[in-house]
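Subject: Structure handover

Hello,

The structure we discussed is below, ready for you to load. My notes on its enclosed and open spaces follow it.

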Amino acid sequence: MENLNQSLASLTLLRKELHKYPEVSGKEINTAKRIISFLENYSPDELITNIGTTGVLAIYHGKEAGKTILFRAELDALPIDEINTFDHRSVNKGVSHKCGHDGHMAILCGLAMELHTNRPETGVVILLFQPAEEDGTGAEKILNDPKFMYRPDFAFALHNIPGHQQNQIVSKVNTFSCAVNSLIIKLNGHTSHAAEPHMGINPALALAKITTRFNELIQPDLGKEKYCLITPIYSKMGKKAYGVSAGAAQIHFTVRSDSNMQMKVIEEKLEKEVKIIAEEFHLKHETSWTQKFYANENNTGAVDYIKKASKINNFNFLEKQTPFTWGEDFGLFTHQFLGAMFGVGSGTDSPALHNPDYDFPDEIIPTGIAMFHQISKQILNAH
């Protein structure tokens, strides 16, 4: 790698540039162009663009055949107004990097710098810059793209974690982040005069009963079995026409579980409950699901590599006892390949993810690079 201080300075400048010009899920055209222009300076053996719409793959080949490892970062930002006033604040109104994906991209670019200088002896290292993580569609778009012709032996990703000591490595075997799915329920009766509600079919009581029943199914303790969190997100019923009893409604929920298997059970249960309640009130109903995130179910062997890399680099490692409750669509990669996600502490005083004043701490860029590079060396040099 080129002079360490120079490298970190260039990565920090890149990170702040990415922060200044954020783009939301599926629209990361200029972000991808900037990543490509950076990577072209570090000689990947293959550079594949426009994968999964705006995604980028940089691939480094070893001198001999061996295992294939994938490391992933995210391209997209969030539809959140930034309230920070520093020079690299977002210039795109209503859009900002409030989850740290700008920092994750800088880390993966730093790994490209390492691989350019120290080519792997064996195997293949794939660097994936993935679009549309925030809306849960990006991983699926990548994996369904014919240009993604790889079956990695292991796949890894990291996420910065506010509230944890800066540079602390956080991971666990099995579920690292929860399965999340969002349910849309539509109910249809028919309108009547508000003075004669009995002449129509109003969905109000069904809405109330569905919400109450779902609330009864919540098991909010991650330390116990069958964790289930159901959160009302949005509802709409009728129109502002005070002489009309409403005839249609919809309500949306997000649903969380600590395993992919348990999520399937919960989904079937909720659909059954909606059907029973809709029939009770003589309503037609439709259910659909959106923004699905598989749980990141970490492979034991992959977590062992994370632990070893942390020890070799003298980083503090924390084995978390319960999963994070947020969703992360890297879970689709760990669903299909052996792999794991880990966290890098952003600092105990860092604003939380998705807060309007959040900013990725540049101090942890070297930590992410060191972890990814050490993991790659462990796997590719294993005999």
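Glu-267 sits in helix 6; note that the model is a predicted one. Glu-267 counts as buried because its relative accessibility is 13%, and the cut-off for buried is under 20%. Leaving out residues up to four places away in sequence, Glu-267 is in contact with Asn-181, Trp-289 and Lys-292.

Lys-292 also appears in the lining of the largest cavity, together with Ala-179, Asn-260, Met-263, Lys-264, Phe-293 and Tyr-294. Two elements give two or more residues to that lining: helix 6 (260-280) and strand 13 (284-293). Helix 6 gives the most, with three residues. Sorted by class, the cavity lining has four nonpolar residues, one polar and two charged. The space inside the largest cavity is about 40 Å³. With a threshold of 30 Å³ or more, the count is one cavity.

Next, the open spaces. The largest pocket holds about 350 Å³. Its lining is made up of 15 residues, and those nearest the pocket centre are Glu-134, Arg-256, Trp-326, Gly-327 and His-354. Strand 8 (179-188), strand 12 (248-257) and strand 13 each give two or more residues to this lining. By class, the lining of the largest pocket splits into five nonpolar, six polar and four charged residues.

For the second largest pocket, the volume is about 210 Å³. This pocket is lined by 15 residues, with Lys-236, Met-237, Gly-238, Ala-248 and Ala-249 closest to its centre. The elements that supply two or more lining residues here are strand 8, strand 10 (228-237) and strand 12. The lining of the second largest pocket consists of seven nonpolar, five polar and three charged residues.

One annotation may help you place these elements. An unreviewed UniProt entry gives the feature "domain: Peptidase M20 dimerisation" at residues 184-279. Across residues 184-279, helix accounts for 34% of the chain and strand for 30%. The C-alpha atoms at the two ends of that stretch are 17 Å apart.

To recap for your own setup: the largest pocket is about 350 Å³, the second largest pocket about 210 Å³, and the largest cavity about 40 Å³. Strand 13 gives two or more residues to the lining of the largest cavity, and strand 13 does so for the largest pocket as well.

Regards

Conventions
Residues numbered from 1 in each chain as written. Predicted model: local features only at pLDDT ≥ 70, side-chain atom pairs only at ≥ 80, totals over all residues. Heavy atoms only, no water. 1 Å grid on protein atoms, 1.4 Å probe; cavity = no way out; pocket = protein on both sides within 12 Å on 5 of 7 lines; lining within 4 Å. Points joined across faces, edges and corners; volume = space filled by probe spheres on them. Helix = DSSP H or I, 4+ residues; strand = E, 2+ residues; numbered from the N terminus. Nonpolar A, V, L, I, M, F, W, Y, C, P; charged D, E, K, R; others polar. Buried < 20%, exposed > 50% of the residue type's maximum accessible area, 1.4 Å probe, protein only. Contact = heavy atoms within 4.5 Å. UniProt positions renumbered as here; feature names shortened; annotations may be inferred.
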